[in-house]
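Hi everyone, thanks for coming. Let's have a look at this one together.

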Amino acid sequence: MMRRGLTRPGLTLTVAAVLSLASALACAADPADAEAGRALFLKGTTPACVICHTLADAGSTGTIGPNLDELKPDANRVAQAVRNGIGVMPAFEALSDEQVQALAKYVSGAVR
């Protein structure tokens, strides 16, 4: 008996394509979110992200933390570092979840 429809490899590729597209759409920040994240990166944190990090979109050339243009972190990685700190970077406990997400989406979108 011959099975109809997608074969297992075809189904796997289709599911992967749909998940990839959904992920790309979820990461696409609307302009207001991107601007809020950019403002946080430039001067909305203490210390300001621009002091330590290089990020071309923000015009920053910090050398204490990693060069974000080279690292190309995804939003989850940025959010985790902002919330918990990493290395010499402090945790930014005063930021709300919405601010952390805006900052994470901005950075991850700026490096793509």
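When I say contact, I mean heavy atoms within 4.5 Å. Quick note first: this is a predicted model, where local features need pLDDT of at least 70, side-chain atom pairs count only at pLDDT 80 or more, and totals for chains, interfaces and linings use all residues. Residues are numbered from 1 along each chain as its sequence is written, and side-chain values use heavy atoms, with hydrogens and water left out.

So, helix α5, residues 75-84. Helices here are DSSP runs of H or I, at least four residues, numbered from the N terminus. Which residues of α5 are buried, meaning under 20% relative accessible area with a 1.4 Å probe, protein chains only? They're Ala75, Val78, Ala79, Ala81 and Val82. Looking down the axis of α5, these fall within an arc of 165 degrees (going by directions from the axis to the C-beta atoms), so they line one face of the helix. On the other side, Asn76, Gln80 and Asn84 are exposed, which is over 50%.

What covers those buried residues? That includes α6, 97-110.

Now the ends. At the start of α5, a side-chain oxygen of Asp74 comes within 3.2 Å of the backbone nitrogen of Asn76. After the helix comes Gly85, with a positive phi near 75 degrees.

Last bit: the largest nonpolar core, meaning buried Ala, Val, Leu, Ile, Met, Phe, Trp, Tyr and Cys joined through side-chain atoms within 4.5 Å. This core has 21 residues, and Val82 and Leu103 are among those with the most contacts inside it. α6 gives the most, 6 residues. Leu103 touches Val78 and Val82, among others.

Definitions and conventions
Helices (H or I, at least four residues) and strands (E, at least two) are DSSP runs, numbered from the N terminus. A polar contact is a pair of N or O atoms within 3.5 Å; within protein, one must be able to donate a hydrogen and the other to accept it, and residues adjacent in sequence count only if both atoms are side-chain atoms. Lists of a residue's contacts leave out its neighbours within four places in sequence.
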